[in-house]
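The following exercises invite the reader to study a structure step by step. Each task is followed by a worked solution.

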Amino acid sequence: MNYFDVKRLKAKIENQKLKVAKIKEKSTSITQTLSGMPGSGKIQDSVLDTVSELDYAEHMLEQLINQLKNAINSIPDEY
């Protein structure tokens, strides 16, 4: 892995961090509407979808960070 590969990987990590932040922001804006009508359970689906999306995004971020760590560790000590 060369310098440009590491730089691209760092950019991917930053983009993934932004994606995680946006999903977290989205997750705080999920609200339940209260009315006298019976509910359909849509709020639960929305929460589940957001949690799943966040879990996947955090997993991908962790993988990218591990790739970067491996790339850094593979650099010979002479440099």
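**Exercise 1. Identify the buried residues of helix H1 in this predicted model.**

Solution. The criterion is a relative accessible area under 20%. In H1, the residues that count as buried are Val6, Leu9, Ile13, Gln16, Val20 and Ile23. Two of the values may be checked against the cut-off. Val6 has a relative accessible area of 18% and is therefore buried. Gln16, with 10%, is likewise buried. As a contrast, Lys19 also lies in helix H1, but its relative accessibility is 46%, so Lys19 counts as partly exposed. A general rule helps in reading such a list: an α-helix has 3.6 residues a turn, so residues three or four places apart point the same way.

**Exercise 2. Determine whether the length of H1 agrees with the span expected at 1.5 Å a residue.**

Solution. Helix H1 runs over 3-28 and has 26 residues. At 1.5 Å a residue, H1 should span 38 Å. The C-alpha atoms at its ends are 38 Å apart, so the two values agree. At the N-terminal end, H1 is capped by Asn2, which has a side-chain oxygen 3.0 Å from the backbone nitrogen of Phe4.

**Exercise 3. State which residues make up the largest nonpolar core, and which helices supply them.**

Solution. First, list the members. The core has 11 residues: Val6, Leu9, Ile13, Val20, Ile23, Leu54, Ala57, Leu61, Leu64, Leu68 and Ala71. Next, assign them to helices. Helix H1 and helix H2 (42-73) each supply at least two residues of this core. The largest share, 6 residues, comes from H2. Finally, set the result beside a general tendency: in soluble globular proteins, nonpolar side chains tend to be buried together.

**Exercise 4. Describe the surroundings of Val6 and of Gln16.**

Solution. Begin with Val6, which is located in helix H1. When neighbours within four places in sequence are set aside, Val6 is in contact with Met1, Leu68 and Ala71. Val6 and Gln67 are 61 residues apart in sequence, and their C-alpha atoms are 9.3 Å apart.

Turn next to Gln16, which is also part of helix H1. Not counting residues up to four places away in sequence, Gln16 touches Ala57, Met60, Leu61 and Leu64. A polar atom of the Gln16 side chain lies 3.0 Å from the backbone oxygen of Ala57. Ala57 can also be related to Lys19: these two residues are 38 apart in sequence, with a C-alpha to C-alpha distance of 7.2 Å.

**Exercise 5. Find the aromatic pair of the structure and classify its geometry.**

Solution. The structure holds 1 aromatic pair. Tyr3 and Phe4 form this pair, with ring centres 5.4 Å apart and 75° between the planes. Planes over 60 degrees apart count as edge-to-face, and the pair is accordingly edge-to-face. For accessibility, the cut-off for exposed is over 50%. Tyr3 is at 57% and therefore counts as exposed; Phe4, at 52%, is exposed as well.

**Exercise 6. Summarise the protein chain as a whole.**

Solution. The protein chain contains 2 helices and 0 strands. Of its 79 residues, 16% count as buried. Among contacts between residues at least 6 apart in sequence, 78% join residues at least 24 apart. The accessible surface comes to about 6,800 Å², and 54% of this belongs to carbon and sulfur atoms.

Methods:
Residues are numbered from 1 along each chain as its sequence is written. This is a predicted model: local features need pLDDT of at least 70, side-chain atom pairs count only at pLDDT 80 or more; totals for chains, interfaces and linings use all residues. Side-chain values use heavy atoms; hydrogens and water are left out. A nonpolar core is a set of buried Ala, Val, Leu, Ile, Met, Phe, Trp, Tyr and Cys residues joined through side-chain atoms within 4.5 Å. Buried means under 20% relative accessible area, exposed over 50%, partly exposed in between (1.4 Å probe, protein chains only). Helices (H or I, at least four residues) and strands (E, at least two) are DSSP runs, numbered from the N terminus. Contact means heavy atoms within 4.5 Å. A polar contact is a pair of N or O atoms within 3.5 Å; within protein, one must be able to donate a hydrogen and the other to accept it, and residues adjacent in sequence count only if both atoms are side-chain atoms. The expected span of a helix is 1.5 Å times one less than its number of residues. Accessible areas come from the Shrake-Rupley method with a 1.4 Å probe; for residues, only the protein chains shown count as cover. Rings of Phe, Tyr and Trp (its six-membered ring) pair if their centres lie within 6.5 Å; planes under 30 degrees apart count as stacked, over 60 as edge-to-face and the rest as tilted.
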